[in-house]
Amino acid sequence: MKWAAMPAPSLWIGASPIILASKSASRRALLAAAGLPFEIEPAEIDERSVEEALGGAGETAGELALALARAKALAVSRRRPDRLTLGADQTLTLDGRPMHKAPTKAAAAAALTALAGRSHRLNAAFALAREGAIVAEGVESAELAMRPLDAAQIGRYLETAGPAVLASVGAYQIEGLGVHLFESIAGDHATILGLPMLKLLAALRGLGLLAL
């Protein structure tokens, strides 16, 4: 008797996998954990140009994250119009002012010095696009309070965490060693990792792409 391999059960009922317009390992892990099939095609947009285009128009940090997510989704959707593209972005604000990824270890130390002993907000957004148009979007926020940290503690963290901190806004990765830096967190874990999964799943259900 021959045995045929049966496909694994899936809640995804779309005709093809989502295209993820991001290189983020955290977003890949979140999609995989939720059983969503995806392919990766980074958008490679000029994020500062998007931010500068919004400057002075009264946009909040959440709206900036949403604008960046839209730009990423649309950039890839124009190349792959027949597929559903997911763009996502995250912004960090301290006292209402945005912070960016640190390009160097010294800049990371300065960012952590500014955040230490204070609360800041993370805003995570997503946008879904098909045929060059946005079909769904959403944004969610979380509040994080960092412990007071002196220069020696910040230096020890950066030395231990290594160059990976430069890949994250705020110079920490809370899913890893960065969790040691915090006193309290208020918000959805997926949002903190950069993708508001509950709103994304609701949007996918609304598009008829999930069986549950």
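These legends go with a set of close-up views of one predicted protein model.

**View 1. How sure the predictor is along the chain.**
Start with confidence, since this is a predicted model. Across the protein chain the pLDDT averages 91, and 94% of the residues reach at least 70. Confidence is highest in helix H7, residues 197-206, with a mean of 98. At the other end of the scale sits helix H2, residues 47-54, with the lowest mean, 79.

**View 2. Residues 1-7, where pLDDT stays under 50.**
Have a look at residues 1-7, but don't lean on them: pLDDT stays under 50 here. The model gives this stretch zero contacts beyond four places in sequence. Where pLDDT is low, the predicted coordinates shouldn't be read in detail.

**View 3. Strands E5 and E6 and their hairpin.**
Strand E5 covers residues 119-130 and strand E6 covers residues 133-146. The two run antiparallel, joined by twelve bridges. Arg130 stands opposite Ala133 in E6. Just two residues sit between the strands of this hairpin, and Glu131 takes a positive phi near 55°.

**View 4. Strand E6 also pairs with strand E7.**
Stay with E6 and you'll find another antiparallel partner, strand E7, residues 182-186. Four bridges join E6 to E7. Look for Met146, which stands opposite Phe182 in E7.

**View 5. Glu140 of strand E6 meets Lys199 of helix H7.**
Side chains of opposite charge can pair when their charged atoms come close. Here Glu140 forms a salt bridge with Lys199, with the closest N and O atoms 3.6 Å apart. Glu140 belongs to strand E6 and Lys199 to helix H7, so this pair ties together parts that are 59 residues apart in sequence. Glu140 is partly exposed, at 31% relative accessibility. Lys199 counts as partly exposed too, at 37%.

**View 6. A salt bridge between two loops: Glu44 and Lys23.**
The model has ten salt bridges in total, and one of them joins the side chains of Glu44 and Lys23, at 3.6 Å from N to O. Glu44 is in the loop between strand E2 (38-40) and H2, while Lys23 is in the loop between strand E1 (18-20) and helix H1 (25-33), so the pair ties together parts 21 residues apart in sequence. Both Glu44 and Lys23 are exposed.

**View 7. Glu41, Arg79 and Arg80 in a salt-bridge network.**
Back in the loop between E2 and H2, now look for Glu41. Glu41 forms a salt bridge with Arg80, and their closest N and O atoms are 2.7 Å apart. Arg80 lies in the loop between helix H3 (61-79) and strand E3 (85-94), so the pair links distant parts of the chain, 39 residues apart. Glu41 counts as buried because its relative accessibility is 18%, whereas Arg80 is partly exposed, at 26%. Arg79 joins in as well: Glu41, Arg79 and Arg80 are linked in a network of salt bridges.

**View 8. Ser26 of helix H1 and its neighbours.**
Is Ser26 buried or exposed? With a relative accessible area of 18%, Ser26 is buried; the cut-off for that is under 20%. Leaving aside residues up to four places away in sequence, Ser26 touches Glu175 and Leu193. A polar contact of 2.9 Å joins the side chains of Ser26 and Glu175.

Note on methods: Residues numbered from 1 in each chain as written. Predicted model: local features only at pLDDT ≥ 70, side-chain atom pairs only at ≥ 80, totals over all residues. Heavy atoms only, no water. pLDDT = per-residue confidence, 0-100. Contact = heavy atoms within 4.5 Å. Pairing = 2+ DSSP bridges. Salt bridge = Lys/Arg side-chain N within 4 Å of Asp/Glu carboxyl O. Buried < 20%, exposed > 50% of the residue type's maximum accessible area, 1.4 Å probe, protein only. Polar contact = N/O pair within 3.5 Å; in protein donor to acceptor, adjacent residues only side chain to side chain.
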